Amino acid sequence: MNVLTSRLPEKMTQSDLIIGADDPILITGSNGFIGSRVVNTLLRSGFTNLRCFVRPSSNLADLDAILKTANGARVEVVPGNLLSRDDCQKAAKDVAVIFHLAAAGDKSFPGSFMNCVVTTRNLLDAAVQVACLRRFVNVGSFAVYSNWNISRGGLLDESCELEHHLVERGEAYAFAKLKQDELVVEYARKHGIPYAIVRPGAVYGPGTRQVTGRVGIDTFGIFLHLGGSNQIPFTYVDNCARAIVLAGIKPGVEGEVFNIVDDDLPRSRQFLRSYKSHGKRFRSIYVPYPLFYGFCWAWEKYSKWSQGQLAPVFNRRRCATYWKGNRYSNQKLKDRLGWKPEVSYSEGLRRYLEFVRKKG
Amino acid sequence: MLRIAIVGCGKIADQHAEQIAYIPDCQIVAVCDHEELMARQLQERLNVPAGYTEVQDLLDQARPDVVHITTPPQAHYSIGKICLEAGCHLYIEKPFTVSHGEAEELIQLAERRNLKLTVGHDAQFTHAANQMRKLVSEGYLGGPPAHMESYYGYSLGDGVYAKALLGDGHHWVRKLPGGLLQNTISHGISKIAEFLTDDGLEVVATGFRSELLKSIGETEIVDELRVIIHDGRATAYFTFSSQMRPSLQMLRLYGPKNGLIVDQDLQTVIKLPGKHYKSYLAQFLPPWGYAKQYIGNALGNMRKFAKADFHMEYGKRFLIGAFYRSIIENRPAPIPYHEILRTSRIMDEIFSGLRLTPKTPHPESACASH
């Protein structure tokens, strides 16, 4: 435990944590962009008994690189499919904490649902059998919130309304993530599974080159900058991983939801300028929110009139969610988990853009 | 008002439901999936009154007139049989069944019970395919086709489905007797089956694994197929390829007088006049004529789009609508049964020619999502 406490940035005593350093921890999606950083954070924090669940066909290069630094820790890489109940049983056997990050995006509602909800149900069924389980950390999505009734620039935090029109918004992944959250809450109620839900904002860092859709989209062959002067709810991947880990090991947060966003959130315009100057150059056109909202309204109407000749992928609710512009808070994360972003926005951006530059 | 049920709540079910929503005088009254959560999600999204995990419960309680079977193909026969026995008309996703024998049994049962069925060969009912059929029936070819070429391109390089299939050694498609081919080629085969006869049907097939699949260590999936079919009167070539670019979805028909090219991707129908021009005119006039035809096709497509009559899933909507009308008006189903049987027979012969042996169905596949 000394190792553990000395490696975690905060001053913690054994009573600060719900598990010991040697207790087994399961991480699903452990070779993903965030999952591999969660593994890294756990190892750096002194946890010595990790079970990394991966898809059999996964590229394990990132995870392997991290595991090479796992001096003395027992790290078991378990290939499997969460759609298999047997694989879930094996993965969850005797674990103290489950970090559930695995999720595969799919454009279709059934595909996303199968990959997020059915898999989570299988894992939860396995978790129910684990007597020593102390926490199930469900990694959700920021997109499940609705800002429909929040004014432009209004605060969006954990207390805000969840979106009940995700089908209308046409967002299969967000729909599945919302149902996944609901399932976790249902299992907690029925079976007493101790859980916490974390909802990361726009995660950035080395490992992804994508510009978050909250800044803009390139659907029409040229990048439409839609974010304007909106604050972007960024979280640097390592900061995000640390928040997820803390949600799994800190006591007293059962049943809580945490949004993960960093400090000093940039404006969309500011981020885009940096990206183009220091990362990758491309052409973009700024489209003001009211104009794009009008476009979405017209698209929605046309879609209905034409009986789906164009799918309603652009619609007012989606437009509001991503481009209306809100303020975000990480106060709960700081107050309840003692989290603070270790990597500042300027440093995170520097590392991210260096990666973007290298990858071209 | 037709009462519709969907069995199998995966991706294809969504496509069916989307089109059914635009067809008048019908209502989805129930959905069913072996996986309760999948049934629940479709029920909730479509606001359907009832969801089930057992087909028999659906039939007993929801009492649908028509059942759409959108499960993996291994379950089509068994589910189809109990639905027919319960007095339901059937729309079965492609491939119709996993064998010709199963197809025959279902069709015989439907005929005995005076019920209708069809298969999801919706590519036969796109604007281009309908126009081609009209030209053929008007005698443009100068008689029945003497030769046909059907191309079915399939990209493994992208797409969630291909990734899921390649990454999952237990994927249900791998358990089909014909593997990936069985799940995909019926669209291309049915287009030529429409113009073949059953007399002395000969099928010669060769299949192999592409270099791409070999390079990633794939040892089961066959993703390249070439077939020659001869019915004693006409011949046909069928090409299935994951590597050929452009990735064509095309049918070429050659009659005694003229030919036709039907491009499903471009939604064009190009007439190939058999007329021979003298000297250099053969190099000047036909290209000009083809250019005019392509421009005409482009303008026609734009006109249809402007009239909101150019939906991505037009063929599916057309086929479902035509099938429902055939039930209401007690007319023949839109796809003749002998075509369904011919398609399944050709597919059986292809797979036996390739020595792709039937595999034990996955126990969890019954009634699962497609």
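This report walks through the two sheets of chain B, the helices around them, and the meeting of chains A and B in a predicted model.

**The parallel sheet of chain B**

A good place to begin is an open sheet in chain B, where six strands follow the order 3-2-1-4-5-6 with parallel pairing. Its edges are strand 3 (50–52) and strand 6 (117–119) of chain B, each of which pairs on one side only. On average, and ignoring direction, neighbouring strands of this sheet are turned by 20° against each other.

At one end of that order, strand 2 (residues 26–32) of chain B runs parallel to strand 3 of chain B, and three bridges join them. If you would like a pair of residues to look for, C32(B) has Y52(B) in strand 3 of chain B as its bridge partner.

Helices pack on this sheet too. Helix 1 (residues 11–20) of chain B touches strand 1 (2–7), strand 2 and strand 4 (66–69) of chain B, and its direction makes about 165° with that of strand 1 of chain B. Helix 3 (residues 55–62) of chain B lies across strand 1, strand 2 and strand 3 of chain B, at about 145° to strand 2 of chain B.

**The mixed sheet of chain B**

Further along chain B there is an open sheet of seven strands, in the order 8-9-10-7-11-12-13 and with mixed pairing. Here the edge strands are strand 8 (202–208) and strand 13 (268–272) of chain B, and each pairs on one side only. Neighbouring strands of this sheet are turned by 10° against each other on average, direction ignored.

Within this sheet, strand 7 (residues 147–153) and strand 11 (residues 249–254) of chain B pair in the antiparallel sense over six bridges. There, E149(B) stands opposite R252(B) in strand 11 of chain B. Helix 6 (residues 127–137) of chain B packs on the sheet and touches strand 11, strand 12 (259–263) and strand 13 of chain B; the direction of helix 6 makes about 165° with that of strand 12 of chain B.

**Helices that pack on each other**

Two helix pairs of chain B are set out here.

| Helix pair (chain B) | Axes | Angle |
|---|---|---|
| Helix 3 and helix 4 (residues 76–85) | 10 Å apart | about 20° |
| Helix 9 (residues 186–193) and helix 13 (residues 337–353) | within 9 Å | roughly 120° |

With an angle of about 20°, helix 3 of chain B is roughly parallel to helix 4 of chain B. Their crossing is right-handed. V55(B), Q56(B) and L59(B) of helix 3 make the contact with I79(B), I82(B) and C83(B) of helix 4. By class, these residues are five nonpolar, one polar and no charged.

The angle of roughly 120° makes helix 9 of chain B oblique to helix 13 of chain B. This crossing, too, is right-handed. S186(B), I189(B), S190(B) and A193(B) in helix 9 meet E339(B), R342(B), T343(B), I346(B) and M347(B) in helix 13. Here the classes are four nonpolar, three polar and two charged residues.

**Chain A and its meeting with chain B**

How many residues of chain A are in contact with chain B? There are 21, and they meet 22 residues of chain B. Helix 5 (residues 109–128) of chain A gives the largest share of chain A's side, eight residues. That side has nine nonpolar, eight polar and four charged residues.

Elsewhere in chain A, helix 10 (residues 289–305) has 17 residues, which at 1.5 Å a residue should span 24 Å; its end C-alpha atoms are 24 Å apart, so the two agree. Just after this helix, Q307(A) takes a positive phi of about 55°.

Definitions and conventions
Residues numbered from 1 in each chain as written. Chains lettered and ligands numbered in written order. Predicted model: local features only at pLDDT ≥ 70, side-chain atom pairs only at ≥ 80, totals over all residues. Contact = placed C-beta atoms within 7 Å. Helix = DSSP H or I, 4+ residues; strand = E, 2+ residues; numbered from the N terminus. Nonpolar A, V, L, I, M, F, W, Y, C, P; charged D, E, K, R; others polar. Axes fitted to C-alpha atoms, helices over the stretch in contact; angles between N-to-C directions. Parallel < 35°, antiparallel > 145°, perpendicular 65-115°, else oblique. Left-handed = near helix turned anticlockwise from the far one by under 90°. Expected span 1.5 Å × (residues − 1). Pairing = 2+ DSSP bridges.
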